[in-house]
Amino acid sequence: MTNAGAAFAYIDAMARLHAILYISSAVHVPTPHEIEHVLQRARERNARAGVTGLLLHDDGHFMQYIEGPPEGLLAIYDIILADPLHHRIQELMSESIGEREFDGWEMAYEQAALPAFLTGPRPELALKASAQHLLRDVWASHSHHH
Ligand SMILES: Cc1cc2nc3c(=O)[nH]c(=O)nc-3n(C[C@H](O)[C@H](O)[C@H](O)COP(=O)(O)O)c2cc1C
């Protein structure tokens, strides 16, 4: 490979972005203190891993979107999966993306009502498009900063 080819391969690897969207249930309705702890730890680690995203919480139901370089993102996802605060984690989307949706947000947070199809017994039936749409809607409807 030429030097230019190697440089382009390197830049391409650096630029690759992956995104994951999942829903989960808390083992108990988390206290504001527990949410604060999750967000504080999440924001520290996400900043180091180059991960950004949004966490939605609705009375013990979570929906989270995370995006970033694949290696850092998967490391963060493993930490999330291992957190005993929640279970019944259902992945709705895992795919390469062209650009970030939440650039600059180490982890945005909103308390928002999730539709029944996401919190019901068969949320895996939820269409990925609906979930992504919902995510954008919720975020767009909150203009304040965190
Ligand atoms: C719904 C939910 C979302 C989370 N999101 C993240 C995240 O984006 N980044 C992260 O590093 N950890 C995330 N976590 C994990 C927690 O931040 C962390 O592991 C937990 O607060 C334990 O803290 P500790 O590191 O002090 O033991 C999440 C956990 C839950 C339940």
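A residue is called buried if 20 or more other C-beta atoms lie within 10 Å of its own, exposed if 12 or fewer do, and partly exposed in between, with the C-beta atoms placed from the backbone. The views below come from a predicted model, in which local features need pLDDT of at least 70 and side-chain atom pairs count only at pLDDT 80 or more, while totals for chains, interfaces and linings use all residues. Residues are numbered from 1 along each chain as its sequence is written.

**View 1. Aspartate 59 in the turn of a hairpin.** Aspartate 59 sits in the loop between strand 2 and strand 3, where strands (E, at least two residues) and helices (H or I, at least four residues) are DSSP runs numbered from the N terminus. Aspartate 59 is exposed, because 11 other C-beta atoms lie within 10 Å. Although aspartate 59 is not a glycine, its phi is positive, at about 45 degrees. The hairpin formed by strand 2 and strand 3 has 2 residues between the strands, and aspartate 58 has histidine 61 of strand 3 as its bridge partner.

**View 2. The open sheet of 5 strands.** The strands follow the order 4-1-3-2-5 with mixed pairing, and two strands are said to pair if DSSP finds at least two bridges between them. Strand 4 (86-97) and strand 5 (108-111) stand at the edges with a single partner strand each, so one side of each has no neighbour in the sheet. From one strand to the next, the twist averages 15 degrees. Strands of a sheet pair through backbone hydrogen bonds, either parallel or antiparallel. Strand 2 (residues 52-58) and strand 5 run parallel and are joined by 4 bridges, in which leucine 56 has glutamate 110 of strand 5 as its bridge partner.

**View 3. Strand 3 with its two antiparallel partners.** Strand 3 pairs with strand 1 (residues 17-26) over 8 bridges, and with strand 2 over 7 bridges. Toward strand 1, isoleucine 20 stands opposite isoleucine 66, and serine 25 stands opposite histidine 61. Toward strand 2, the bridge partner of leucine 55 is glutamine 64. Strand 3 is mostly covered, with 8 of its 8 residues buried: His61, Met63, Tyr65 and Glu67 lie on one side, and Phe62, Gln64, Ile66 and Gly68 on the other. Strand 2 is also mostly covered, with 5 of its 7 residues buried. Helix 3 lies across strand 1, strand 3 and strand 4, and runs at about 160 degrees to strand 3; such angles run from 0 to 180 degrees between N-to-C directions, with axes fitted to C-alpha atoms, for helices over the stretch in contact.

**View 4. The largest nonpolar core.** A nonpolar core is a set of buried Ala, Val, Leu, Ile, Met, Phe, Trp, Tyr and Cys residues joined through C-beta atoms within 7 Å. Of the 27 residues in this core, Ile20, Leu21 and Ile66 touch the most other members. At least two residues each are supplied by strand 1, helix 2, strand 2, strand 3, helix 3 and helix 5 (128-140), and the largest share, 5 residues, comes from strand 1. Beyond its neighbours within four places in sequence, leucine 21 is in contact with Tyr65, Leu92, Met93, Ala131 and Gln132, where contact means that the C-beta atoms, placed from the backbone, lie within 7 Å.

**View 5. Methionine 107 in the loop between strand 4 and strand 5.** Methionine 107 counts as buried because it has 25 C-beta neighbours inside 10 Å. Leaving aside neighbours within four places in sequence, methionine 107 is in contact with Leu39, Ala42, Arg43, Asn46, Gly53 and Leu55. Methionine 107 and valine 51 are 56 residues apart in sequence, and their C-alpha atoms are 8.2 Å apart in space.

**View 6. The shell around the ligand.** The ligand is surrounded by 17 residues, of which Arg41, Ala42, Arg45, Asp83 and Leu85 are the closest; a residue is near a molecule if its C-beta atom, placed from the backbone, lies within 6 Å of it. Helix 2 (32-49), strand 3 (61-68) and helix 3 (70-81) each supply at least two residues of the shell, and helix 2 gives the largest share, 6 residues. The shell divides into 10 nonpolar, 4 polar and 3 charged residues, where Ala, Val, Leu, Ile, Met, Phe, Trp, Tyr, Cys and Pro count as nonpolar, Asp, Glu, Lys and Arg as charged, and the others, Gly among them, as polar.

Technical notes: Two residues are in contact if their C-beta atoms, placed from the backbone, lie within 7 Å.
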